[in-house]
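Here are some exercises on how side chains meet in a folded protein. Have the sequence and the 3D view ready, and try each task before reading its solution.

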Amino acid sequence: MWDERYAAKEFVYGKEPNTFLTQHVALLPKGKVLSLAEGEGRNAVFLASLGYEVTAVDSSLVGLDKGRLLAKERAVSVEWIHADLSDFSLGENQWDGIVSIFCPLPSLLRQKIHHALPHALKTGGIYLLEAYTPAQIGRGTGGGNSADVMQTALSVRAELPDMTFVHLQESEREVQEGIYHTGKGCVVQAIAHKL
Ligand SMILES: C[S@@+](CC[C@H](N)C(=O)[O-])C[C@H]1O[C@@H](n2cnc3c(N)ncnc32)[C@H](O)[C@@H]1O
């Protein structure tokens, strides 16, 4: 499905970074950042342009190829990894930041990733996430219609019990991020530290 979606010439989530990421990027310690389900590269390229050493993972080769193009266009360097997150190891004490923007994983896989995530962060590392909540279902402004791949403030906190949250909020916000994320959306946003 994602390869088909990304086969469009245009960047279907846009070339500009996610709004929540741009608002809070200053909280990410400078260093190594892992972006989960990076898609066409907009967030990875943005982070690289700020001097972060970015690794971007996604299961869509077509998406990653567009990411490579965008990186070239913006003259930045990103490590692109083609992998399904079900087969990808986040590693241990590796990342100053991990970013998950609209990463629609089945809940069991997401829980596995969230279990591994605090171990993968360095002490002082930050996890930054934005996801649609199930309240989004039926709106037609993005995120599809599967509650299983959506998240809530409760689920995020429950899946990351050892992280310290500085921001954890559900809200309705205007999302204008490409042709598939267009309009008022119900989202959860989180920023958590590994202390
Ligand atoms: C809604 S798009 C968001 C892309 C990007 N994060 C953004 O905000 O522009 C969801 C992305 O999740 C990726 N994805 C879905 N399931 C995945 C999995 N199991 N492993 C890796 N990537 C996955 C898709 O390929 C797609 O690029």
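A search of the whole structure, which is a predicted model, finds four aromatic pairs.

**Exercise 1.** Find the aromatic pair formed by Trp2 and Tyr6, and work out how the planes of the two rings are arranged.

*Solution.*
- Step 1: The ring centres of Trp2 and Tyr6 are 6.2 Å apart, and the planes make an angle of 35 degrees.
- Step 2: Planes under 30 degrees apart count as stacked, over 60 as edge-to-face and the rest as tilted, so this pair is tilted.
- Step 3: Now look at the backbone. Both residues belong to helix H1 (residues 2-6), where they sit four residues apart, about one turn of the helix.
- Step 4: Trp2 has a relative accessible area of 30% and is partly exposed, whereas Tyr6, at 6%, counts as buried.

**Exercise 2.** Which parts of the chain does the pair of Tyr13 and Tyr180 tie together?

*Solution.*
- Step 1: Tyr13 and Tyr180 form a tilted aromatic pair, with 6.1 Å from centre to centre and 45 degrees between the planes.
- Step 2: Tyr13 is in the loop between H1 and helix H2 (19-24), and Tyr180 is in the loop between strand E6 (164-176) and strand E7 (182-193), so the pair ties together parts that are 167 residues apart in sequence.
- Step 3: Put this beside Exercise 1. Trp2, Tyr6, Tyr13 and Tyr180 form one aromatic cluster.
- Step 4: Add a charged neighbour: Arg5 lies over the face of Tyr180, 3.6 Å from the ring centre.

**Exercise 3.** Are Glu40 and Lys66 buried or exposed?

*Solution.*
- Step 1: Side chains of opposite charge can pair when their charged atoms come close.
- Step 2: Glu40 and Lys66 meet in a salt bridge of 2.9 Å, N to O.
- Step 3: Buried means under 20% relative accessible area. Glu40 has 3%, so Glu40 is buried. Lys66 has 7%, so Lys66 is buried as well.

**Exercise 4.** Which residues are joined into one network by salt bridges that share partners?

*Solution.*
- Step 1: Start with Glu130 and Arg173, whose side chains meet in a salt bridge (2.8 Å, N to O).
- Step 2: This pair links distant parts of the chain, with Glu130 in strand E5 and Arg173 in strand E6, 43 residues apart.
- Step 3: Both Glu130 and Arg173 are buried.
- Step 4: Follow the shared partners, and the network is Arg42, Glu130, Arg173 and Glu177.

Notes
Residues are numbered from 1 along each chain as its sequence is written. This is a predicted model: local features need pLDDT of at least 70, side-chain atom pairs count only at pLDDT 80 or more; totals for chains, interfaces and linings use all residues. Side-chain values use heavy atoms; hydrogens and water are left out. Rings of Phe, Tyr and Trp (its six-membered ring) pair if their centres lie within 6.5 Å; planes under 30 degrees apart count as stacked, over 60 as edge-to-face and the rest as tilted. Helices (H or I, at least four residues) and strands (E, at least two) are DSSP runs, numbered from the N terminus. Buried means under 20% relative accessible area, exposed over 50%, partly exposed in between (1.4 Å probe, protein chains only). A charge sits over a ring if NZ of Lys or CZ of Arg is within 6 Å of the ring centre and within 35 degrees of the ring normal. A salt bridge is a side-chain nitrogen of Lys or Arg within 4 Å of a carboxyl oxygen of Asp or Glu.
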